[in-house]
Amino acid sequence: MSTFGALRRQLDDAAETFAGSPGALSEILTGMVDDVDRALGERLEIFPVCHHSPASALAMARRLRDKQPQVIYLELCEDLRPLLDELRTCRLPVALQAFATELDGFPESWGPLSVVAPITEASAEYQAIAYALDTPGVELVLVDRSSDHVFQWHPREEPGRPAEEAALHGDAVGVEIGDLRPRFAELEEHLLHHGKVRHWSEWWDQYVEQPLAGADYDTYRQVMVLIGGLFRRLRPHDAAKLDRDEDRERHMWTRMREHLAATGADPERCLYVCGAFHAASRVEEFGLDAARTDFEISPRTATNWLYGLIPSSHSAIEAQFGLAPGSVSIAAATYDKAVSRGGVKPYTLKGQQKGRRPGTKPPAAPVAVADQLSEFLSKPAQRDPLDEAELLGWCVDIVRLARRNGYLSSTADAIAVYETSILLAGMRGRARPTLYDFQDAAVTCIEKDTVPGRRDVRRLCEIMLGGDRIGEVGYQSMPPLAQDVFERLAPLGYDMTKRAVHRVLLDLNADPELEPCSHLLWVLRRLMPEHAVRPIMGSRRLGERSVQESWDVALGHHQRALIELGYEGVTVEQVLEQRLRRSVWEPKATAADALQAVEEAILFLGGRRFTDELGARAVELLAAERSVDDAPDVLRRVRRLLAHYRATEPALPEWCERFVTTGYAQYCTLLPTAFVAEDVGVRQVAAMLGFLASMESLALSLGCDRAQLELAVRQSHPETPGKIALLWAARFQLGVLTIGELRERCAELLANPLVVPSFPQYLSGFVQALEAAPVLTPFVVEVISGAFARLPDEVLLPWLPTLIQTLREEAPELVPVLIREAGRTFPATLTAVDAWVPPWTAPSGPGGAEVATATGAGAAGGPVTGLLAAHPAAADALAALLGCEGGWKTLTPAGSAPGHDASGGSPEVAALVARHPATVDAVAALLCGGAAV
Amino acid sequence: MTEMLRAPAEVKYAEELDWLESVDDGPKPFSWRLSPRMVRLFVLGSERSDGLDREIPQKWFGDRSFVERAIVTLASDRGLLLIGDPGTGKSWLAELLAAAISRNSTLVVQGTAGTTEDHIKYSWNVSMVIAKGQSRDSMIPSPIMTAMEHGVIGRFEELTRSTSDVQDALISILSEKYVSIPELDDDNIVFAQPGFSIIATANSRDRGVNDLSSALKRRFNFVRIPVVTNKKSEAEIVRFRTVELLRRHNIDLELPPTLLDILLRSFADLRAAAASAQSDDGRLESALSTAEQIGVLEDAILHSNFFGDRTLKAETLAGSLVGSLARRTPEDLAILNKYWHGVVEPRSKKEGGEWQGFLEGGRQAIATLS
Ligand SMILES: Nc1ncnc2c1ncn2[C@@H]1O[C@H](COP(=O)(O)OP(=O)(O)O)[C@@H](O)[C@H]1O
Ligand SMILES: [Mg+2]
């Protein structure tokens, strides 16, 4: 047993340290021997495994060839069984996944639930699976608790997810076959410290893997159970309650007994594959001959579990299970090396795509034959020529790779790495350099003070040894949704399942048949992570259509996300519909959210039924809202939607009308409070006014009462400058305040040195008010000019930055309107400045002044107003003819600011137009070439 | 043995090294006094699994693979360059390695801007040259040349601070392994004996002062020593150095574990604060290395011993901490003041114990300095 001397010393030492008392120590030591006896003596052959152990995988392959079992029981969630047949179409590593979003029996906050079980090629379980699935008459039975039980047994008070994020696995709960690690940190630390290694994988490699390399089956089993037994006996006292290991063992034994009873299989021809930890189990249910206990497997909850395969990778596995970076890759390389040396012929699933990279070329002829191995072990270590050749090969390769990555490495480095590997192995008491020694040696000899490229030497070693293997799920094993996506993208002419970034160009004018592809890409962009589908050119917004688009599509890289979409529905459209519906029914959903959902439904799904449903919800949400925080958003969105419907549909949807009337009533009610509430900003109030003003004609035509608004404005008594300015603007809009009065008030403000400092806030209030009263634009320009003209420099100069800042922060989208107006008002050339007279100081035409100031009609554009004012008779006659009773004073111009909604006109005009649609239609036909208004 | 203010490692641990040499049956490269495994054991201390009759204490704390990589480098034909932030124990590790391998850690060249080629090759004893002319007798070999002649380890501290001329001279020593003395007609080449190697140290914060040429880099294996952030190892280092210091000064004084904990925690807090500070003004000038912690403790101990009542108190520790870290006024003082108000005060309310004394001492020290 000298091969295992070092391991034995390690285990004894750990037992002694953690046993506490000498009595406990001897109990542990004899207990471990008992564990081994019990496991090896069991009628049903137990095959203890450890995850990512090449020795386990090789021993499994050997044992399967020898024994040819008929039934294999495997420690893996029993409900994952159907997925195993699909492994054939995949390139490993992939993970089996159980996924649930509709929870029933678990706290809602846990959702979505996800369990992943990664499967790598270099593993004992893969050997067992491949053997069982490809050998006729062999049955593979998964016996561990179901995914549902994973969560049933999860402590309730904790959230149902681990903190760790592993890119490919997301935040799923990982399950692994053969988890064999110390169950508490101090034990692991102790073993690492005394074993003089850095991390667990290295310890395992040095003390277990290497000695086991040539061991026979019995030795293999003994060693595994011994380690499992020790870890089990040394685990903290309360662990049993937390980790549910024993319940899992009860579950597995119960299932195996049930299966044997049901099928009458011969236990002699069965094999039970479980982690070494479970092989050393002492539960009462252990063994086929154990007496019945009252252990019952609880039924699953009503949660709806969905199953699928997702791609996995070595690094994802390392991250999820807390293994040292690169350790899974190194285990895989060790396994490949052992296989290529011969002696064992491993099983592979027929049809399996090999995951091997070209980098790891197998060395020449196998030399070590099975019976030479025992001799080899009894002799002190001697370097095998094959090992030597391989090590040299690595040294040459790493130098080459390093050079390609910007290092100044040379042949001298290759020699140095070779020597250093051997020296390190010698110092570490290893017969031959392991991959870890090689990696350390390469780092020592090649890495200098800076990393020249993107990857350092340690990472390059991993890449050279096969690198991070990333699995791929085969097309046939993908959920219908993913298949559907690939099929629908096929016209683009790329194999989108490939892991690459495809640059796709769509000329939709030239190839209108690609329209559906473009549409699908937009939906995918809405549903998938940012880099999966990225538009480089082209956009999709209401009222827009791009004729040319270019995309970066990397679906192959985001296979997992696509597959997980597949759990939510059969097509992406269905998934989007569900998500939109869910988003508007969430407890935190707001009216703005619902309007957004409507917009997205129009953009991506089409179909009135669903948008109407979402719209109806928006109305409900708006009516229930007490906060006006979202008012700007609501206004923006509802304007967009109204414009869309006006342009595309004969009539507004019923919900839109209700939204406008509800909003009108709602905002009227909330206006007085919003004007005084400290936590409501000027922007919000301005948006409310904007809504009230621009929706007014529509709202009134639908039965709202303008008196409500007038009352609301009369009840408003703001105290802050911004809101005061807003109120003035609102009152002007209602016709209660004339432009002359407004002008006067501003002049007073400017004249009062105490108020001057807060003048920018008044100004920003006016600017905000443009949302509701775009006709004020020239007036605001006038006020600003006035301020510049009248304020003395020592007030003006310090004041300017504040003004700019205030405008930029509070009214960024209205500033351009202002600037355009200023451009219209001020002369464009230097010479013109001298002759320039500001329009507000210019004398108005006869009788026109009154009209223009009271109604702000000046904003509608000089010539027309001038013309009308000069020949009032014609207009009067026309008005009489049409039945417009109001006369000149009440005439307010329709909103003329660019982008301003047409409904922003005066209610009288709107009502008039509504009464005589034929006239307007005729005019529209004349002007717009027949487009509906 | 005569008294030394600070004995080199080979003197301080002479007895231990003798003993290790007597039990060492491993293969020794060149003229090494110990086998690589024994060198590692000397530096990192023994485990029960090593099966030795006596315990060898750990002397350098850190990842064992750093030490292993350093040792095998010295057994190969490359020089060793330890690179890292100041105070990470590079020089100490170099000293330990040289002591274990060659029993001589004193062949040291200190790299500065003023270091010249003579410092790493040879110079002349001017009066002897005048009297007898140039000969091997009138030549003064540099420590590096001495190391070559005897096949032992030479050391070069702060390699990056020396000029490129000096670095170039080092390249030829490391590649040709001899130094020629053109002034002499015969016996004019000094060959390096097997076992000769160089351990250099470099401060990674110095980078850019005199960047190493790639030719020189190629002749060194780099081992990067990171700052210790693990509290447990840091505590070990500080305790280890303090015990040594006490012994050196013949001071009989207890280091209460609670005080050590306070020191470690306040350094950890200050480091975290420095890491999240927006500008240099919000950051202490000090790098807050382990070595600085040792400095603070050293100061506190000496102060208690010579000016106090020979017990180490939290007040004294606080005073030393403020005194050593407040280098710039007002910036550093402001930071410390903020720390005392924002962290130490609430903590002393919550945890009480020694923190109260620490609070008081710190306040006083800050008041005195402001
Ligand atoms: N990892 C360590 N192990 C032991 N002592 C250390 C360690 N790091 C720092 N020290 C102590 O700190 C002091 C300063 O270290 P030094 O070797 O001079 O640092 P450097 O050369 O890296 O600037 C040393 O005297 C040493 O005792
Ligand atoms: Mg130093």
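This passage describes the confidence of a predicted model, the strand environment of S4(A) and the position of Ser76(B).

For the predicted complex, the predictor reports an ipTM of 0.82 together with a pTM of 0.65. The mean pLDDT of chain B is 88, and 98% of the residues in that chain score at least 70. Within chain B, helix H5 (residues 90-102) has the highest confidence, at 96, whereas helix H11 (residues 231-248) has the lowest, with a mean of 81.

In chain A, strand S4 comprises residues 113-119 and is mostly covered, seven of its seven residues being buried. Leu113(A), Val115(A), Ala117(A) and Ile119(A) point one way from S4(A), while Ser114(A), Val116(A) and Pro118(A) point the other way; residues of both sets are buried. Strand S3 of chain A (residues 94-100) runs antiparallel to S4(A) and is joined to it by seven bridges. Val94(A) has Ile119(A) of S4(A) as its bridge partner. A parallel pairing links S4(A) with strand S6 of chain A (residues 173-174) through two bridges. There, Val115(A) is partnered by Val173(A) of S6(A).

In chain B, Ser76(B) lies in the loop connecting helix H4 (64-75) to strand S1 (79-84). The relative accessible area of Ser76(B) is 10%, and this residue is therefore classed as buried, the cut-off being under 20%. With residues up to four places away in sequence left out of account, Ser76(B) touches Glu419(A) and Leu423(A).

Key. Residues are numbered from 1 along each chain as its sequence is written. Chains are lettered from A and ligands numbered from 1 in the order in which they are written. This is a predicted model: local features need pLDDT of at least 70, side-chain atom pairs count only at pLDDT 80 or more; totals for chains, interfaces and linings use all residues. Side-chain values use heavy atoms; hydrogens and water are left out. Helices (H or I, at least four residues) and strands (E, at least two) are DSSP runs, numbered from the N terminus. Buried means under 20% relative accessible area, exposed over 50%, partly exposed in between (1.4 Å probe, protein chains only). Contact means heavy atoms within 4.5 Å. pLDDT is the predictor's confidence in each residue, from 0 to 100. Two strands pair if DSSP finds at least two bridges between them.
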